[in-house]
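Open your viewer and get ready to select residues by number. This tour goes stop by stop.

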Amino acid sequence: RLGTAETHFKVVGVLTAPMCISQLMLLQVFFLMVPEGVWLQPSSPSGAAPTPSDVGPASPGGTLQSSEGSETPWPVPGISTVGPTVVTPSAPENGTVDLFPALPVCVCDLTPGTCDINCCCDRDCYLLHPRTVFSFCLPGSVRSSSWMCVDNSLIFRSNSPFPSRVFMDSGGVRQFCVLVNNSRLNYFQKLQKVNATNFQALATEFGGESFTSTFQTQSPPPFYRAGDPILTYFPKWSVISLLRQPAGVGAGGLCAESNPAGFLESKSTTCARFFKNLANSCTLDPALNAASYYNFTVLKVPRGMTDLQNTKFQVPVTLVSQAGSPLLSGNICQNVVSQVIYEIETNGTFGIQKVSVSFGQTNLTVEPDTSLQQHFLIRFRAFQQSTAASLTGPRSGNPGYIVGKPLLALTGDKSHSMTLLQSQGDGICSVKKHEVQFGVNAISGCKLRPKKVDCSHLQQEIYQTLHGKTSPEHVAIFGNADPATISNSSRCFFTLLQAMHCTPCCVIPVSLEIQVLWAYTGLQSNPQAHVSGARFLYQCQSIKDFQQVREVALTTVVTFVDITQKPEPPRGQPRIDWKLPFDFFFPLKIAFSRGVDSQKGSASLILILCLLVLGVLKLETK
C-alpha cells in the first residue's frame with residue numbers, strides 16, 4: 001500500500017506490507033515482483049518522453065483526483081519543478097476536481113479580458129483543462145510539484161485516488177510516480193523588513209556589481225605602464241581627457257580624433273581632412289588651430305587625477321616655437337596646422353617630466369572641397385639627456401641595418417632618413433614624404449603643379465620635390481651611424497653618387513631611382529647588413545614649350561640589391577667513421593690469419609659459406 005504523505009515505504013514481499021499512516025487515505029498497489037530492499041524515493045526524471053500509453057493500468061471505477069495544494073501533472077516547459085514532467089492527461093470522471101486550480105497570482109495574464117496563449121491560470125480562457133487547448137503552460141501559470149517514483153515493472157495495478165503517471169527517465173527506464181502533496185514548494189520565505197538600519201547590509205549581502213564609474217570605485221595606478229593612455233587636464237573646464245594622436249582610417253585616410261597616444265610608444269600618423277566650406281572652418285575648426293594642441297596640462301602619473309588642485313602632478317605643454325592662429329585673408333586661410341610634433345621626456349616610474357610641442361603651418365586656398373593632409377608625431381626619450389644625445393634620432397640597427405627601418409642619410413651635419421614622393425588625396429605632390437625602408441623596394445608618384453614656368457626655376461622645383469627639403473649628400477653605412485663622426489672618419493658614411501643631371505635647357509627630371517647595394521658582413525651566425533654603395537639615377541624629359549606646362553608627373557623608385565658573397569666552406573671537412581655492429585668477414589680473417597693446421601680445422605666453415613653464396617646466386621638467376 002502506497003500513500004502520498006512524506007513517508008518512506010519499504011517493500012518486503014510480493015505484496016506490500018501494511019503501513020500505518022495517520023489521517024491519510026491509503027493507496028493499494030499490487031506488485032508483480034518486488035526485490036528486497038526497494039524504497040519509494042522522490043524522483044525527478046530528466047529527459048522524460050511520456051506517451052499516452054505511459055499511463056498505468058487502472059482498476060474499473062478508479063478516479064483521478066487532486067488533493068489540496070497539488071497541481072496539474074501535465075508537462076509545463078520552462079517551469080522549475082521538483083517532480084518529473086507528466087504524461088498527457090485523461091479526462092477526469094464525475095466527482096473529480098479541477099486539475100488546474102486557479103493560482104492567487106497569475107503572472108502571465110497580461111491582457112485584461114483576453115485569453116493569453118499558453119497561460120494556464122488565465123481565468124479569461126474559461127478552460128477547465130487548458131492542456132487540451134494549449135501545447136504547454138507558461139512558467140508561473142501552474143504550481144510546482146514533487147513526485148515519488150518506483151520502477152514501473154513493480155506495478156501491476158493502481159487504484160490511486162491521487163494523481164499518478166508513468167514516465168520515461170533519461171536511461172529509458174519507465175518510472176511509476178505519485179504526486180506528493182507538498183505545498184511548501186509554492187511559497188517563498190517570509191519577507192524581510194527593510195529599514196535604514198539594515199539597508200546597506202542587505203544591499204551588500206545580496207547585491208552584485210555596480211554601474212558606478214571606474215574612477216570612483218577604483219584608485220588609479222601609481223604610474224604609467226607602456227601603452228597606457230596619457231591623461232590630460234583642462235583647468236579652464238576642470239575636465240580630464242586623454243592626449244590624442246589623430247590617425248587615418250578608411251580608404252581616404254580620414255582623421256580619427258579619438259585615437260589615444262600610448263605611453264612610451266613613439267608613433268607617426270598621417271590623415272586627411274576635407275572641407276566643404278573652408279571659409280567657415282578656417283577660424284572655427286579646432287583641428288586647424290595650434291592652440292588646441294597645447295591648451296592643457298599633462299598628468300605626470302595617473303594618481304595625479306585624485307588631486308587636480310596639486311600642480312606638482314601636472315606638466316604644462318611648452319611651445320618650441322610660436323605658432324599663429326588661423327586667419328582668413330581674402331580667399332586664403334593662413335596659419336593652418338599641417339604638422340604637430342610632441343616631444344615627451346619620461347623618468348621611469350616617476351612619470352612624465354617634460355612635454356614640448358612644435359608645429360608646421362601652411363596656407364590653404366578657399367575652394368570647394370578643399371583637402372588638408374596633417375602629420376602627427378609623438379616621440380619619447382629619457383629625461384635629462386645631454387643635448388647631443390637628444391638631437392640624435394633613433395637608430396636603424398645596431399650596428400647593422402634592420403629590414404624595414406629607415407635608410408639614414410646625412411646633409412651637412414644633420415642626419416635624416418631618405419624619402420620618396422607622397423601624394424595627397426587628389427594626387428598632387430604632398431609636402432610630406434614616405435621614408436625609404438631598408439631592404440624594401442618601393443615606387444611612388446605624384447603630380448607637381450609648378451609655381452613658376454621658366455626653365456631654371458622648373459628644374460630647381462622638381463629637384464627639390466624629388467629630394468625633399470634637404471637633398472642627401474651622404475648615406476650611412478650602418479644603422480647606428482653617428483653624424484658627429486663624419487668629419488673624422490669615413491667608416492660610418494660615404495658620399496652618395498649622383499648620376500647624370502638633367503642640365504640642358506629645357507630638360508627636366510621626371511623620375512628618380514635610388515639604387516642601393518648592400519651586403520652582410522661579420523659572423524654567419526650573427527650577420528650585420530651594411531650599405532656598400534648608393535646612387536641617384538635620373539630619367540629626363542625635354543620640354544619644347546615649358547610655358548605650357550601645368551602639371552608634371554613625377555616618380556621615385558628605390559631598389560635594394562644584395563651583393564653578399566658567402567665564403568667557401570673549409571676544405572678539410574670532418575668525416576664520420578662508421579662502425580658496423582658485426583664484422584661479416586670476421587670468420588674469414590680468422591681462418592686466413594692462422595697456420596696450416598688451423599686452416600684444416602676451419603675448412604667446414606669456408607665450405608658452408610661457399611654453399612650459401614651459390615644458393616643466393618641461383619635464386620637471382622631464376
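Start by selecting Cys120. It is buried, because its relative accessibility is 7% and the cut-off for buried is under 20%. Keep in mind that you are looking at a predicted model.

**Stop 1: the partner of Cys120**

Now add Cys137 to the selection. A disulfide joins Cys120 to Cys137, with 1.9 Å from S to S. Turn the view until you look along the S-S bond. The torsion there is -90 degrees, and the link of Cys120 and Cys137 is left-handed. Both ends sit in the loop between β2 and β3, 17 residues apart. Is Cys137 buried or exposed? Cys137 counts as buried, because its relative accessibility is 1%.

**Stop 2: Cys115 and Cys125**

Stay in the loop between β2 and β3. Select Cys115 and Cys125, which a second link to visit connects: this disulfide also has an S to S distance of 1.9 Å. Which hand does it have? The torsion about the S-S bond of Cys115 and Cys125 is about 95 degrees, so this disulfide is right-handed. Cys115 and Cys125 both lie in the loop between β2 (41-42) and β3 (146-151), so the pair ties together parts that are 10 residues apart in sequence.

Next, show the surface. Cys115 counts as partly exposed, because its relative accessibility is 32%. Cys125 is buried, because its relative accessible area is 11%.

**Stop 3: a link between two strands**

Go to Cys255 and Cys271. A disulfide joins them, S to S 1.9 Å. About the S-S bond of Cys255 and Cys271 the torsion is about 85 degrees, so the disulfide is right-handed. Look at the ribbon here. Cys255 is in strand β10 (residues 254-256), while Cys271 is in strand β11 (residues 267-275). The two are 16 residues apart. Cys255 and Cys271 are buried.

How many disulfides are there in the whole structure? A search finds 8.

**Stop 4: strand β28 and its partners**

Select strand β28, residues 552-562. Then add strand β22, residues 442-448. These strands pair in the antiparallel sense, over 7 bridges. For a landmark, pick Lys447, which stands opposite Ala553 in β28.

Now bring in strand β26, residues 507-521. How many bridges join β26 to β28? There are 8, and the strands run parallel. Your landmark here is Leu512, which stands opposite Thr556 in β28.

While the side chains are on show, recall a general rule. In a regular strand, side chains alternate between the two faces of the sheet.

**Stop 5: Lys544**

Move to Lys544, in the loop between β27 (528-542) and β28. Lys544 counts as exposed, because its relative accessibility is 87% and the cut-off for exposed is over 50%. Draw a distance from its C-alpha to the C-alpha of Val507. The two are 8.8 Å apart in space, but 37 residues apart in sequence.

**Stop 6: helix α8**

Finish with helix α8, residues 603-621, where Val613 lies. Val613 counts as partly exposed, because its relative accessibility is 44%. Select Leu607, Leu611, Val613, Leu614 and Leu617 together, and colour them. They make a nonpolar surface patch of about 480 Å².

One last pick is Cys610. Cys610 is partly exposed, because its relative accessible area is 40%.

Conventions:
Residues are numbered from 1 along each chain as its sequence is written. This is a predicted model: local features need pLDDT of at least 70, side-chain atom pairs count only at pLDDT 80 or more; totals for chains, interfaces and linings use all residues. Side-chain values use heavy atoms; hydrogens and water are left out. Patches are made of residues with over 30% relative accessible area and no salt bridge: like charges are joined within 9 Å, nonpolar side chains (Val, Leu, Ile, Met, Phe, Trp, Tyr) within 5 Å. Accessible areas come from the Shrake-Rupley method with a 1.4 Å probe; for residues, only the protein chains shown count as cover. A salt bridge is a side-chain nitrogen of Lys or Arg within 4 Å of a carboxyl oxygen of Asp or Glu. Helices (H or I, at least four residues) and strands (E, at least two) are DSSP runs, numbered from the N terminus. Buried means under 20% relative accessible area, exposed over 50%, partly exposed in between (1.4 Å probe, protein chains only). A disulfide is a pair of cysteine sulfur atoms within 2.5 Å. Two strands pair if DSSP finds at least two bridges between them.
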